[in-house]
Amino acid sequence: MATEVETYRGAVYPWHCDTMGHMNTQFYTAIFDSASFHMLSRLVPYSQMQARKHGWADVKMTVVYEHETPAGALVHVRSTLTRLGSKAIEYRHSLLNSESGVLHATADIVTVLFDLTARKALPIDDAIRAKGKELGLA
């Protein structure tokens, strides 16, 4: 079973909310993107990625909105690595209310290891696979 790790913690501010009074979709995406940086840095530190001129390129994100998220909500994201492919990885983010435990939304993301110079996908190397095993993937 894959290990779930906390990858984000914050608050929902009034300017995150739309005219219907709940957090707008653009801010869910921003929160999930921040969580992704923390999740992916568990596999390869950002400084190493920069030195190698590598990055992670998201190719798919599926968001499911479960419960409205109002201004003032304290939230956190729990993330789980779900698959390590040959060039892509998949993981799930769950946005939770930190006080009540209510699940507000999930995001399932597919991202590829990317050569920023050649502008193409790279194979997932053994070091990343080893870190993936540490996060509970066989």
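This passage describes the largest pocket and the surroundings of two residues, Thr7 and Arg42, in a predicted model. Local features require pLDDT of at least 70 and side-chain atom pairs pLDDT 80 or more, whereas totals for chains, interfaces and linings use all residues. Residues are numbered from 1 along each chain as its sequence is written, and side-chain values use heavy atoms, with hydrogens and water left out.

The largest pocket (an open set of points on a 1 Å grid over the protein atoms alone, where a 1.4 Å probe fits, with protein on both sides within 12 Å along at least five of seven lines) has a volume of about 330 Å³. Its lining, defined by an atom within 4 Å of a point, comprises 18 residues, of which Phe37, Leu40, Tyr46, Gly55 and Trp56 lie nearest the centre. Two or more lining residues come from each of α1 (25–41), α2 (46–52), β2 (54–65) and β5 (103–115), and α1 gives the largest share, 6 residues.

Thr7 lies in strand β1 (residues 4–11), strands being DSSP runs of E with at least two residues and helices runs of H or I with at least four. Thr7 counts as buried because its relative accessibility is 5%, the class being under 20%, with exposed over 50% and partly exposed in between (1.4 Å probe, protein chains only). Beyond four places in sequence, Thr7 is in contact (heavy atoms within 4.5 Å) with Ser34, Ala35, His38, Met39, Val77, Ser79 and His93.

Arg42, in the loop between α1 and α2, is partly exposed at 40% relative accessibility. Leaving aside neighbours within four places in sequence, Arg42 contacts Val5, Glu6, Lys131 and Leu135.

Notes. Grid points are joined across faces, edges and corners, and a volume is the space filled by probe spheres set on the points.
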